[in-house]
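User: Please take a close look at one part of this structure for me. Keep it brisk, and explain the terms as you go.

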Amino acid sequence: WHEMINDFSIYTFPDAKNPQQFFKAGAALQNLSGDFDTGLVKKKYYNFFVHGEYRNRTRNKKWDIEASGNFYINGLNAGDYNAFLSLKRFLSSKLGYLSVGFQNVNRTPSFVFNEQSSFDLDPQTESFNKENSINIFGSLEQPLRKLRITGSYYLISNYTYFNNFYDAAQVSSIFNVLQIIAEKQIRIRGKWNWRTIIVLQQKAGNSPVNMPLLLTRNQVGYDGNLGFKNLSISMGLEFRYFTPFYIDRYSPLNGQFFNNTTEKTRLKVPEIHAYVHFRIKSFTAYLRGENLNTLDITNGGFTRNNVIVPGYPYPGMQIRLGIFWSFVN
């Protein structure tokens, strides 16, 4: 795919004393060209859409408002739109911040489901309706207690998916998903901390979406400077776990996952990783030893691989190194 977008937008700042309040409106022409293995060698498409955005963080920093949207008037994705609204309010130092929001997306199914796609391996593929999803969300954040609780309610219709290695399908009925996320940092002792993220989620209605009821990630480690003025370091162990569920299988024919209702996946043991992240002035680096849970003491080596997707086991132990170094004259 090759993409070119020409966008014309107008910005205005209603309050000269508040640069964090602005309004933006514009229109854009998107040109797309792709090389295909089927039919014509090259195909060209276009989209013409309008968009707008409004942001306002009040000068007393108690309100933060964000609203944005776009609408595709003509072209390949004509009729698609995205509307987003978020309100954030500072309540008090004890209660923290409260956020609520709403998003509605109406979109053409991904091009892999299009009969013109090179990955359309089913000649009987029908024309699918537009997908629509509504997300109502809210969060409460308390910086003093290092606590954040987020809730999201999704209402989804015309969900498009693959039901086997190459057959595409669409669910016309509406289903919903409820997700609650809790994030908390707990001080163990001194500069030793326990950071945890717990996700609870559940779907309702007939749908091909599979998800674990519970998943969690935890870090237990040291955060400090080890007595060195210019050093900032975080090191410890990370644990990840999710409850068994019917995970989607993978199709190498089209590079997509497809629905699975026959085989549940489960972790032999929780995933365990060791990490060292540090910064010295402008030099930042991280070193991670991942999948330590695959250690097989009896036979030696890291061979007790978790098989999450049927037929595709996770790797054994991996060493991951990253460096970022900025130079400023």
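Analyst: V220 has L237 in strand 14 as its bridge partner. Strands here are DSSP runs of E with at least two residues, numbered from the N terminus. This is a predicted model, where local features need pLDDT of at least 70, side-chain atom pairs count only at pLDDT 80 or more, and totals for chains, interfaces and linings use all residues. Residues are numbered from 1 along each chain as its sequence is written, and side-chain values use heavy atoms, with hydrogens and water left out.

Strand 14 covers residues 231–242, and strand 13 pairs with strand 14 in the antiparallel sense over 10 bridges. Two strands count as paired if DSSP finds at least two bridges between them. The link is a hairpin: 6 residues lie between strand 13 and strand 14. In that turn, L226 has a positive phi of about 55°.

Now the other neighbour. Strand 13 (residues 214–224) also pairs with strand 12 (residues 192–204). That pairing is antiparallel too, over 9 bridges. There, I198 stands opposite T216 of strand 13. In a regular strand, side chains alternate between the two faces of the sheet.

Step back to the whole chain. The chain has 21 strands and 0 helices. Its C-alpha atoms fill a box of roughly 65 × 65 × 50 Å, taken along the principal axes. Of its 329 residues, 34% count as buried, meaning under 20% relative accessible area with a 1.4 Å probe, protein chains only. Among contacts (heavy atoms within 4.5 Å) with a separation of 6 or more, 50% join residues 24 or more positions apart.

Methods: Helices (H or I, at least four residues) and strands (E, at least two) are DSSP runs, numbered from the N terminus. Buried means under 20% relative accessible area, exposed over 50%, partly exposed in between (1.4 Å probe, protein chains only).
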